[in-house]
Amino acid sequence: MTVLLYKMNESEKLFKKALKLIPGGVNSPVRAFGSVGGHPFFTEKAKNASITTIDGRELIDFVCSWGPAIHGHNHPTILNAINDALVKGTSFGTPNPYEVEMAEIITQAISSIEKVRMVNSGTEATMSCIRLARGYTQRDKIVKFAGCYHGHVDSLLVKAGSGALTFGNPDSAGIPKSYAGETLVLPFNDFDAIELAFINHGEKIAAVILEPYPANNGLILPQPGFLNKLRNLCDKYGSVLIFDEVISGFRISYGGVQEKENIKPDLTALGKIIGGGLPVGAFGGKAEIMDNLAPQGPVYQAGTLSGNPLALAAGIAAVNLLKILNPYDNLERAVKKLKGYILEAADEKGIPLQIPQAGSVFCMIFTEKPIKSLNDVTASNTGLFKPLFHYALTNGVYLPPSAYEVCFTSTAHNEEILEKATEVIVAGIKAL
Ligand code: KE4
């Protein structure tokens, strides 16, 4: 395998300029290549399973814009939908028909969602779920799980307290300790910890929020019965169960993890895919809870561009295409095939490797232990990811620039493209 020259001069020039104008040179930290070293390339355009850098390099994309691009980039159906909306105007600040159409789609796709409100990001969706749960229950405490990321919400950028059951400390500057102290951070998949938390604080817990398939610190699948346990405890203590399905909604299955696992949360946060590549988030759930939102109820939530016609036109096209194609089994099978070859190469090389997978989402964690908790991920040999990342990038494959982020495929990742990517990743494993 010849190692292609890694042309980056145009990106390098632009990054130098960006660093003077934008904090860290990026509008979102993970894009800065901080954990893999080097500096990011700038993307000129994207089509199907590939992105093309401003240096003219075409890369097979396993980031897919961090999840939205489940149909690959610039799918004609989505482009046409955006163009149809565009000629009618970009933003009205009044109700528009797309909002009702999207609400119908979401409430029909996800039966736990009786009412839904559109916002502009996953962060807004989870932030609104937290405020709504607190307003509805008139309680303040929140339970989240270590390793789950829910966007940059003050209440949720919290790291575990000193003891397993002490309330949290800020996980970012700028968050008052008093604020973080209302959030309890527990180990995911720890049945005893969640039981004890409710015994000790149940009457004060407004909500439990989790990614039902945590995908922001590698991919950690729930142990059998764990999601049910959370459901039962929330029922028993009158707390709101919130599923953050910003990644998994319409990605793992058309109805998300909750359909696959047959669990009904009280509120769900959505994002990414439902925007078809444009900025969208949504949150919804039981009407009894959602009706507490302004203007109907006392919990305030608003947004200038919420329900934006362009963004919803793109999202409606993307979700309708999923309903028509129902690509989930094919997406899962294709990743399973890729995974098999990579595991075989690692085994031949004597490198312990786990590849947790959920449909078209997977990650490579260098450890011999099956991944059951955040500790299993942090204890892994993340140092092996960096050389693999750069080998792949040099040879035309863009993996997420962090050992803790997951890879995404799309319906545009056809057999030929996946074979080519497999060859590069396998060679990269063998070169470790
Ligand atoms: P946004 O505010 O970035 O649209 O969504 C926040 C969010 C909420 N919930 C989950 C489960 C998420 O994964 C995210 C955002 N995901 C990250 C990557 N895993 C977005 C990439 C970035 O931060 O640039």
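Colleague: Where is the place of P295?
Modeller: Helices are DSSP runs (H or I, at least four residues), strands likewise (E, at least two), numbered from the N terminus. P295 is in neither kind of element; its place is the loop between α9 (287-290) and α10 (309-325).

Colleague: What kind of model is this?
Modeller: Residues are numbered from 1 along each chain as its sequence is written, and side-chain values use heavy atoms, without hydrogens and water. Local features need pLDDT of at least 70, side-chain atom pairs count only at pLDDT 80 or more, and totals for chains, interfaces and linings use all residues, for the model is predicted.

Colleague: What is omega at the bond between A294 and P295?
Modeller: Most peptide bonds are trans. The bond that joins A294 and P295 is cis. Its omega is about 5°.

Colleague: What is phi of W66?
Modeller: W66 is in the loop between β3 (58-61) and α2 (76-86). The residue is not a glycine, yet its phi is positive. The value is about 70°.

Colleague: Is W66 buried or exposed?
Modeller: Buried means under 20% relative accessible area, exposed over 50%, and partly exposed in between (1.4 Å probe, protein chains only). W66 has 17% relative accessibility, so it counts as buried.

Colleague: And Q138, buried or exposed?
Modeller: Q138 lies in the loop between α4 and β5 (141-145). Its phi is also positive, near 60°, and Q138 is not a glycine. With a relative accessible area of 71%, Q138 is exposed.

Colleague: Which backbone nitrogen does the side chain of T137 reach?
Modeller: T137 lies in helix α4 (residues 122-137). A polar contact is a pair of N or O atoms within 3.5 Å; within protein, one must be able to donate a hydrogen and the other to accept it, and sequence-adjacent residues count only if both atoms are side-chain atoms. A polar side-chain atom of T137 lies 2.7 Å from the backbone oxygen of A133. At 3.2 Å, the T137 side chain reaches the backbone nitrogen of R139.

Colleague: What does T137 contact beyond four places in sequence?
Modeller: T137 counts as buried because its relative accessibility is 15%. Contact means heavy atoms within 4.5 Å. Leaving aside the neighbours within four places, the partners of T137 are A206, G238 and V240.

Colleague: With which side chain does S50 make a polar contact?
Modeller: S50 lies in strand β2 (residues 50-53). It is buried because its relative accessibility is 11%. Past four places in sequence, S50 touches residues including L59, I60, D61 and H73. Its side-chain polar contact, at 3.2 Å, is with E58.

Colleague: How far apart are the C-alpha atoms of C363 and K339?
Modeller: C363 is in the loop between β14 (361-362) and α12 (374-378). At 2% relative accessible area, C363 is buried. Among the residues it touches over four places away are G218, L219 and E405. K339 is 24 residues from C363 along the chain, and the two C-alpha atoms are separated by 9.4 Å.

Colleague: What separates the C-alpha atoms of G161 and V185?
Modeller: G161 sits in the loop between β6 (158-159) and β7 (169-170). It counts as buried because its relative accessibility is 11%. G161 touches T166, F167, G168 and N169, not counting residues up to four places away. V185 is 24 residues from G161 along the chain, with a C-alpha separation of 7.1 Å.

Colleague: How far apart are the centres of domain 1 and domain 2?
Modeller: The bounds, from an automatic or database domain assignment, give domain 1 (9-70 + 327-430) and domain 2 (76-325). In contact are 26 residues of domain 1 and 25 residues of domain 2. Over C-alpha atoms, the centres are separated by 26 Å.

Colleague: How many residues surround the ligand?
Modeller: A residue is near a molecule if one of its heavy atoms lies within 4 Å of it. Domain 1 and domain 2 each supply at least three residues to the shell. The closest are S28, T123, N216, D244 and E405, out of a total of 16.

Colleague: How much of the ligand's accessible area does the protein cover?
Modeller: A polar side-chain atom of S28 lies 2.6 Å from a ligand oxygen, and a polar backbone atom of G122 lies 3.0 Å from a ligand oxygen. D244 places a polar side-chain atom 2.7 Å from a ligand nitrogen. Of the 530 Å² that the ligand has on its own (Shrake-Rupley method, 1.4 Å probe), the protein covers 86%.
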